[in-house]
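Let's take a look at this one together, with the sequence and the 3D view side by side. A single residue comes up first, and the DNA after that.

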Amino acid sequence: MVNTKDDAVNKKDIIYLLEKIAIYLELQGENPFKISAYRKAAQALETDPRSLSEIDDWSTIKGIGKGTQSVITDFLESGTSETLRQLQEEVPEGLIQLLDIQGLGGKKLARLYQELGIENKADLKLACENHKVAELKGFGKKSEEKILTGLLSLNEQPDRLPFDAVRGVRRSIETALANMAFVERFSIAGSMRRMRETVKDLDFIISTSAPNKVKEQLIKLDHVKDVIASGETKVSVVIEDQFDVSVDFRMVADEAFATTLHHFTGSKDHNVMLRQLAKSRGEKISEYGVENLATGETKTFKSEEDFFNHFDLYFIPPEVREAKGEFEHSSTFNRLVTLSDIKGDLHMHTTWSDGAQSIEEMARFAEAKGYEYIAITDHSKFLRVANGLNEKRLREQRQEIERVQNHFPNLKILAGVEMDILPDGSLDFDNAFLQELDYVIGAIHSSFNQTEEEIMTRLFTAMENPYIKHIAHPTGRIIGKRKGYHVNMEKLIKKAKETHTILELNANPKRFDLSSEWLKVCQEHGVKVTINTDAHSKDTLDFMAEGVGVARRGWLLKDTVVNTWPLAELEAYWKKKQE
DNA sequence: GCCGTTTTCGGCCCGACTGTTTTCAGTCG
């Protein structure tokens with residue numbers, strides 16, 4: 001491919017531009033509907049499946065009109081945006097990060113700028129310390145204190161926390177709620193329920209007929225550092241953990257549980273679309289139910305499913321509620337992969353390399369999960385730090401696997417390896433040896449800083465190898481910590497298709513690699529995916545549930561996920577590589 | 001700024017909580 005205009009400016013750049021303009025307008029105290037028009041335009045682009053070059057008439061996209069179209073054309077033609085440039089002239093750059101302070105929005109910031117000349121953190125801090133802020137109309141002593149503390153904690157932790165960093169807090173809260181008096185039902189909600197890989201906070205919905213009694217218990221939960229709000233229906237606290245985690249609890253009567261759960265699961269954009277739909281039918285959705293505007297009657301629902309059915313929609317799973325076409329496709333979601341579809345786990349470690357359990361133990365736990373097959377895939381010799389296995393030890397391990405196999409008539413244990421793809425592009429074992437193994441994974445664990453070309457050469461070598469069934473954690477990223485190596489995903493997916501190589505969704509919550517976005521692209525290109533836990537201990541075999549959640553977020557149908565297939569079918573697919 | 005076979009003007013999703021007010025604006029999700 002030669003360089004086209006698409007390479008210079010991509011769709012994401014335009015989306016980012018529109019969102020940035022919205023932020024600046026917010027700081028100018030602009031009409032909120034104008035601001036949201038820019039956000040909607042960005043959203044519309046995000047949802048439109050076409051690439052940049054395939055769109056010729058922008059204004060036919062719903063949400064993009066004359067104004068946003070001219071901003072886009074200007075940007076495409078000149079590479080910059082006059083609209084944004086002007087805004088940047090009028091609004092100081094330093095104000096933007098101040099929007100992250102709790103309780104400070106565009107309007108208040110605009111006034112701080114206009115009336116006190118505040119342009120950045122330092123200005124704001126000084127103004128608070130000199131009590132200038134409290135003197136402003138609409139502000140007061142408490143606002144000033146809040147701004148000051150918000151200011152101090154601004155850089156202490158990232159805006160969004162990695163999924164894995166809040167898993168523990170979620171668990172302990174769920175345990176507490178399960179044992180809490182006056183709690184009838186509860187559920188996680190918010191972006192955690194939607195399986196986003198980073199979250200801003202945790203949301204829980206609780207049904208109770210004694211909200212005050214529950215409230216008293218909530219603010220006394222373990223490790224509560226701060227109580228942000230505690231009203232009749234809403235309690236917000238900050239839990240002290242590895243990071244400070246904000247947790248919102250919503251308490252409702254049981255009949256409103258389903259609608260409240262839906263409401264606080266979001267996404268916000270999904271909710272807006274559904275509310276618009278309701279409105280066009282003469283109804284109004286709130287967390288308390290669906291009101292018929294003609295009769296004033298409010299209908300509640302036993303389940304979210306009933307709620308969707310009321311609008312003549314099939315159930316839309318939480319993972320796909322992102323206003324990215326889920327309403328149009330609601331009839332296909334009953335075919336999304338589920339945990340009960342999973343028949344095996346094709347990536348796990350034992351004490352032979354860096355795992356905590358023996359082969360026999362792993363087999364026992366896998367059998368308890370009802371699996372039909374697993375692959376034991378310890379590291380290969382290159383990975384010394386993980387006690388990687390050489391040819392000799394792998395042959396010994398096969399004997400042990402065969403011994404264990406005799407005790408598990410209903411579970412096929414494949415003798416495999418997670419083989420390193422070496423920095424020079426060669427593989428850790430030759431083909432003569434690889435053909436002795438039942439299952440070979442290709443993986444990169446070294447030289448992360450190589451150029452895209454070097455990385456792609458390594459990956460392509462592995463994919464062209466007839467014995468390598470799948471590529472483990474294809475990008476090598478650790479969410480919130482490490483970007484991963486320089487993979488060109490489009491090329492990787494194309495190559496996977498050509499070579500019948502399966503790509504992994506590594507279900508370790510630190511990784512979720514591939515991401516749901518790329519999984520979707522895989523499926524669109526007919527590339528098969530395997531969801532594996534990469535378990536290093538018995539408990540981490542449970543990552544499968546979260547992996548399936550990420551797969552669902554990527555709209556993966558059961559058929560795309562090869563470890564939902566019976567073993568015979570899987571073996572037939574592997575043969576394609578050797579043809 | 002966007003949209004429209006009820007509308008080219010007047011709407012635009014809805015409600016809780018807080019702080020500053022004394023009936024409400026701003027923020028948040």
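Glu504 is buried, so to speak, without its usual partner: which side chain of opposite charge is nearest to Glu504, and how far away is it? This is a predicted model, and in it the nearest such side chain is Arg511, at 6.9 Å. Glu504 therefore has no salt bridge, as the cut-off for one is 4 Å.

What does Glu504 have around it, then? The residue sits in strand S16, which covers residues 502-506. Its side chain makes a polar contact of 2.9 Å with the side chain of His347, and it also reaches the backbone nitrogen of His473 at 2.9 Å. Leaving aside neighbours within four places in sequence, the contacts of Glu504 include the run His470, Ile471, Ala472, His473 and Pro474. Asp513, Leu514, Thr530 and Asn532 are also on that list, along with His347.

One of those contacts, His470, gives a handy sense of distance across the model. The C-alpha atoms of His470 and Leu152 are 47 Å apart, with their positions 318 residues apart along the chain. Leu152 belongs to helix H8. Is Leu152 buried or exposed? It is exposed, because its relative accessible area is 55%, and the cut-off for that word is over 50%.

Helix H8 also brings us to the DNA, since it is among the elements that give two or more residues to the surface near DNA strand B.

Now for that surface. There are 47 residues around DNA strand B, and those that come nearest are Gly63, Gly65, Thr68, Gly140 and Arg275. Of the strand's atoms within 4 Å of the protein, 78% belong to sugar and phosphate. Here are some polar contacts to click through:

| Protein side | DNA strand B side | Distance |
|---|---|---|
| Asn31, polar side-chain atom | base oxygen | 3.2 Å |
| Lys107, polar backbone atom | phosphate oxygen | 3.4 Å |
| Ser230, polar backbone atom | phosphate oxygen | 3.2 Å |

Besides H8 (141-152), the elements giving two or more residues to this surface are helices H3 (32-47), H4 (66-78), H6 (106-116) and H13 (268-280), plus strands S5 (224-230) and S8 (283-286). Which of them gives the most? That would be H13, with five residues. Sorted by class, the surface near DNA strand B has 18 polar, 17 charged and 12 nonpolar residues.

Methods: Residues are numbered from 1 along each chain as its sequence is written. Chains are lettered from A and ligands numbered from 1 in the order in which they are written. This is a predicted model: local features need pLDDT of at least 70, side-chain atom pairs count only at pLDDT 80 or more; totals for chains, interfaces and linings use all residues. Side-chain values use heavy atoms; hydrogens and water are left out. A residue is near a molecule or strand if one of its heavy atoms lies within 4 Å of it. A polar contact is a pair of N or O atoms within 3.5 Å; within protein, one must be able to donate a hydrogen and the other to accept it, and residues adjacent in sequence count only if both atoms are side-chain atoms. Helices (H or I, at least four residues) and strands (E, at least two) are DSSP runs, numbered from the N terminus. Ala, Val, Leu, Ile, Met, Phe, Trp, Tyr, Cys and Pro count as nonpolar, Asp, Glu, Lys and Arg as charged, and the others, Gly among them, as polar. Buried means under 20% relative accessible area, exposed over 50%, partly exposed in between (1.4 Å probe, protein chains only). Lys and Arg count as positive and Asp and Glu as negative; His and the chain ends are not counted. Contact means heavy atoms within 4.5 Å.
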